[in-house]
Amino acid sequence: MPDHVSGRRIISLDNGLTLFLQEKHDAPVASFWVWYRVGSRNEMPGQTGVSHWVEHMQFKGTPSIAKGSIFRDVSRIGGQLNAMTSMDWTAYYETIPAAELDLSLRIESDRMSNSLFDPPEVDSERTVILSERQGAENRPTYHLYEELIGAAFQSHPYSHAVIGYERDLRRMSREDLFNHYRRYYRPNNAFITAVGDFDADDLASRINASFGSIPNSDMVIPEVAPDVPQYGERRVTIRKPSAAAYLMMGYKLPDAKHPDMPVILVADALLSGAKAMGLGGGGVMGRSSRLYRALVSKGLARSAGSSASLYRDSYLWDFTATALPGVEPAAIEATVDAEIERLKNEIAGEEEFVKARKQSRAQYIYSQETATSQAFWLGQMEIVDHAGRVDTLADELAAVTPEDVQRVARTWLVPEQRTIGWQLPDDGIVSAGVDIPDAALVEPFARTVCGFSGEEVSSHGFVRTVLPNGIIVLAQPRPGDQVIDGAIEIKAGHSATGDTTPGLASMTGSMLNRGTSNRSFDEYNEQVDSLGAIIGVSTSRDSMEIGWHSLAEDFGQVLEIAADIILNPTFPEDELEKVRKQALTGLKEQEQDTGAMAAKALRELMYPEDHPYRIATSGEISSVEAIGRQDLVDYHARYLGPAATTIALVGGVANLDAAVASLEQALGSWENQVPRPQEVGSIEPPATTVRDALTVRGRSQADIAIGYPTIPRDHPEYYALQVANLILGQLGLMGRLGAHVRDEQGLAYYVYSSLAGGKANSVWGSRAGVDPGSIGRALEGIERELRAIRQEHVSDEELADAKSYLIGSLPLGLESLGGVTDLLLTLERHNLGLDYLDRYPEIISALTKDDLLRATVTHIDPDRLAIGIAGPESVQDVVSRKPSQSF
């Protein structure tokens, strides 16, 4: 039957499987999801984590689908896929070219009832699951979270995390997993959401042909036990190696169907900003919110927030804070309590309320930008209530009154219904600056061509022009879109300016929005939040970027704000001290992150002392402590100017002329002359493999970071090396590395390789998260696969799959606004030309197996790698042992 609110089709098959089908014809893409009404809430004591483990086993094959082929088949057509398990549900999806939807039907109908659960695969995946849990334990507050929910829920399965307890993961059997699968994976406990470029009636007929004959199990699905009533406040305190003191506070809140939930969501927006809905689109709001002002703005906390979400059963309204050094936990807790009491005792003003409503409306619109996010949002709502609530939630939120908020605060934020958790640092924390490198994933958009200038237009609607003051503008106007995504990239990172003070560029970027000659930091936050916009400043080693995501109706105001923080920052002393404390706490937190520390060890092995990429972008303790206001003023005046600036815009502008007119009004008068950005010098790999290991106390997982500097991005053989790397460590489930090191041997939760293109050098790398006892074997496995791809041709099938993925994924990359914004900046950054996407398929199609073999043999040497390792004390044994051949 049709959904009369939205026009979507809702159809029930004879076996109980329900379909929610929504046509969306703006791109040749479709997102297909299968949802099961099972999550960690359906798990019994002794079997915690079984739902998540069953999800992993769904990729291990059926009688007609070989292990590993799901990832290969979806990658071959340029699609994306994933699976996820929550407390309330498990879901599987493919976002693919719409013409290929039959592949999703074949995969999902088969594994609904035919997954094998071979005992050897169960044993192999046990190691992977345990490694995943170890990785979760490495997060700063994981143990605090686990203790908090364990105290808050005494009989309901919400008392344990989705990953499960280690003791259960070690004991669970193949029969436990298979019985769970047979009980819950069946048509009358599942439903499908699909959004995209298809005819709904035709797709329904095809789904019925694939799924309609699947029988239902006769196994009983037990009721979930309700939690026992809570009559008093509960507290937990743990001590761990920590960079700071962390607060988690949870109040019991009602299930998603309760009429108070929309009011609670608005109340939560007043406390800490409206949150992203569904799978994404929106980002963090709330710097003018009550908790931010009371805790962060006043220098008590590095971060503070709250969260109330929709669940099937009563869960928690969370409050969190990270204390700054020297701040007593009692002061943090008292401040949170004071804001809660204020919500109970004072009616919110109309201006504050309008702001919360605008944020909620914006997040609702952001949540529906892509077919993937729309299909997720439908499924999430169907799980917790009904799918049609996607269409009504915005009106429910708009109908909330200030009096409603006061009522629910008095009803639900009561001391006897809360659980409070503190994680306090133990002794022995040592400080040293570390830096997390830029993400290095597959880069399909990479080739240097002749330069271009003047106004240009591409077949994808990309346009380019240059403002009179030298600012380069790229855009993809989408008239009628409700949202605009934009970014202003300024080549003012420390590598572009040549500045050698660690953290100075980053601190300058962090201070841009902390006050201008036109507005204070509080006024800035108030205006941005009132628009329901997200504006952020980030600094990499090469550039500063001011990015935003806003409603199209507010483009002019958002652009004026972005221009103001670039042109007129005042770098107030009081805000600098707050930023300094936050930065120092962040550096200490990075020291407890094994991934960050492995990257630090790698960086210091690979780059010589005088190379700018050796410098930690986020700084070091001593340098951050020494940076003064005048240093920021001088850096801004010396290096930020129009000649170093590129702007990318995607979304709801009518055309290039309209965008240019707005940009000229905001930034046309900017005339600051700056030096030409410096080019980074090339480096050579080490003469022989070198490695270093850093100890991170209190962590159960080790991280490995491997690097090798190789050819620049404009080298004729870059593409061949890129495709070879795709086969080695990315295609499907992390390529050959994933298939052998993770899947067959069970040595790592994640392992992949990357090729990060650069002008002087690209860097080939590999990363892995492993059990500390498996470091040696994981390194050997990575080495073995690296040597193999240099010794023999890749197979015809591998090459065809890689080409098909790179070419077929182009439409998916153009669906999201933010993805296109990043693409436009990449085109300009590497001088690729607006017609690059038109040329790209031909470039990839022309590559041969000989090209790939020649590139790997010539440009990656497994005997000259840099290897950084970080983990518990036992990682030092890896360095002290004599390396074999290359490791």
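1. In this predicted model, 5 strands make up an open sheet. Their order is β7-β11-β8-β10-β9, and the pairing is mixed. The edges are β7 (234–240) and β9 (301–307). Each has a single partner strand, so one side of each lacks a neighbour in the sheet. From one strand to the next, the twist averages 10°.

2. Look at the pairing of β8 (residues 246–253) with β11 (residues 418–425). The two run antiparallel and are joined by 6 bridges. Opposite M249 stands I420 in β11.

3. Two helices deserve a check against this sheet. Helix α11 (residues 329–345) packs on the sheet and touches β7, β8, β9, β10 (315–323) and β11. The direction of α11 makes about 30° with that of β8. Helix α20 (residues 573–590) lies across β8, β9 and β10. Helix α20 runs at about 80° to β9.

4. Another open sheet has 6 strands, in the order β1-β2-β6-β3-β5-β4. Its pairing is mixed. Here β1 (9–12) and β4 (80–85) stand at the edges. Both have a single partner strand, so one side of each is left without a neighbour in the sheet. Neighbouring strands of this sheet are turned by 15° against each other on average, direction ignored.

5. Strand β2 (residues 18–23) and strand β6 (residues 190–196) run parallel, with 6 bridges joining them. Within β6, I192 is the bridge partner of L19.

6. Which strands does helix α1 touch? Helix α1 (residues 50–57) packs on the sheet against β4 and β5 (90–97). The direction of α1 makes about 160° with that of β4.

Key:
Residues numbered from 1 in each chain as written. Predicted model: local features only at pLDDT ≥ 70, side-chain atom pairs only at ≥ 80, totals over all residues. Heavy atoms only, no water. Pairing = 2+ DSSP bridges. Helix = DSSP H or I, 4+ residues; strand = E, 2+ residues; numbered from the N terminus. Axes fitted to C-alpha atoms, helices over the stretch in contact; angles between N-to-C directions. Contact = heavy atoms within 4.5 Å.
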